[in-house]
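Q: Hey, can you walk me through this one? I'm still new to reading structures.

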Amino acid sequence: MRLLTGIQPSGDLHIGNYFGSIKQMVEAQKNSETFAFIANYHAMSSGNGGERLAKLTMQAATDFLALGIDPTKSIFWVQSDVKEVLELYWILSGFTPMGLLERAHSYKDKTAKGIAANHSLFSYPVLMAADILLFSPDTVPVGKDQIQHVEIARDIAIKFNNEYGDVLKIPEFKIQEEVATVPGTDGQKMSKSYGNTVNIFGEEKTQLKTIKKIITQNVAMEDSKEYEGCNVYNMAKLFLSDKELLELQERYKRGGEGHGHFKLYLADVMWEYFGEFREKRNYFEANQNEVRAILDEGAKKAKEIALPLMEKIRSLTGIRY
Ligand code: ADP
Ligand code: TRP
């Protein structure tokens, strides 16, 4: 079973990203042939560019390797290192009705928010279709916001196949079961756009400061406290075993400790949970050449897989003459 996923390089990763998506991606490597790439061309359509984009790309590669993307199990590369995707993007543009793109939620949402539309934002789903179809995956695991894009890829592939025969594999999407929506420091869904994130990597002091900001109820120290619905408890749940969770529940019920104590406990538990990942991250951070080499090797493997299909498409479409 071949699984493909694209990751936008978008800066510091938070624990919502980890439990909602990265952890599953890492686990999928055990029993699937996993293709994962950093979607740097896609990041350009939301205004990232220049030195910042280059930095974000290396940061994403470093973070994902630290969190468990294993280049011996997965093919892991940067989108722009396999240029065939741009060639296929153009070819597929000819099989993409304008109406299909005009209906895309991501484009409609962004323009509704007043973000000036440029062509890359509009044609983004065609590039995503090329990303997918070039590698013939069985499944594309996506969050709910990306389902429509995979549907567009399917529509485009069907149109292409109607003209040229059974060439492109029609991908299935698999909705990534969010373990649960991870709450942010204010109890809403954790998201960069809400400014309520707890980041995975960073200084211990900064992390503690963020955790101290978690909104909690005002209850006297000696009184018993509700753990259900408590933002600190809900976050701690992600890191604790059943036994540890029961112990924490007892501490809430018993009284005598304030939410500040639970926050300190959460900070400790989280620091420990990501300890091994942090060490790996420090290693890759200090050895960026190694990260580069992994990405180069990944791009080479991805290209080898993409080329036979691309050659076939070039012949069929008359590009190869
Ligand atoms: P953000 O909302 O911070 O911009 P993204 O939209 O870049 O995060 O999310 C990247 C991935 O992380 C998606 O697959 C999404 O499902 C997952 N994710 C993000 N926030 C959460 C959350 N609070 N709980 C669970 N999963 C999340
Ligand atoms: N559009 C996806 C996102 O914003 C990233 C992406 C680009 C992708 N190409 C892809 C995801 C191909 C899956 C398959 O998250």
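Q: What share of the contacts between residues at least 6 apart in sequence join residues at least 24 apart?
A: That's 77% of them in this protein. Keep in mind that we're looking at a predicted model.

Q: Okay, and how many helices and strands are there?
A: The protein has 14 helices, plus five strands.

Q: How many of the residues count as buried, as a percentage?
A: 49% of the 321 residues do. As for the outside, about 16300 Å² of the protein is exposed, and 51% of that area comes from carbon and sulfur atoms.

Q: What about charges, how far apart are the mean positions of the positive and negative ones?
A: They're 2 Å apart, counting 39 positive and 43 negative charges.

Q: Switching to ligand 2: which residues surround it?
A: Among them are Leu 4, Gly 6, Phe 37, His 42, Met 128 and Val 140. Gln 8, Tyr 124 and Asp 131 are on the list too.

Q: What do the side chains of those last three do around ligand 2?
A: Gln 8 has a polar side-chain atom 3.1 Å from an oxygen of ligand 2. With Tyr 124, a side-chain N or O atom sits 2.6 Å from a nitrogen of the ligand. For Asp 131, the distance from a side-chain N or O atom to a ligand nitrogen is 2.7 Å.

Q: And how much of ligand 2 does the protein bury?
A: The protein buries 89% of the 360 Å² that ligand 2 exposes when taken alone.

Q: Which element gives the largest share of the shell?
A: Helix 7, with four residues. Strand 1 (2-7) also gives two or more.

Technical notes. Residues are numbered from 1 along each chain as its sequence is written. Chains are lettered from A and ligands numbered from 1 in the order in which they are written. This is a predicted model: local features need pLDDT of at least 70, side-chain atom pairs count only at pLDDT 80 or more; totals for chains, interfaces and linings use all residues. Side-chain values use heavy atoms; hydrogens and water are left out. Buried means under 20% relative accessible area, exposed over 50%, partly exposed in between (1.4 Å probe, protein chains only). Contact means heavy atoms within 4.5 Å. Accessible areas come from the Shrake-Rupley method with a 1.4 Å probe; for residues, only the protein chains shown count as cover. Lys and Arg count as positive and Asp and Glu as negative; His and the chain ends are not counted. The place of a charge is taken as NZ of Lys, CZ of Arg, CG of Asp or CD of Glu. A residue is near a molecule or strand if one of its heavy atoms lies within 4 Å of it. A polar contact is a pair of N or O atoms within 3.5 Å; within protein, one must be able to donate a hydrogen and the other to accept it, and residues adjacent in sequence count only if both atoms are side-chain atoms.
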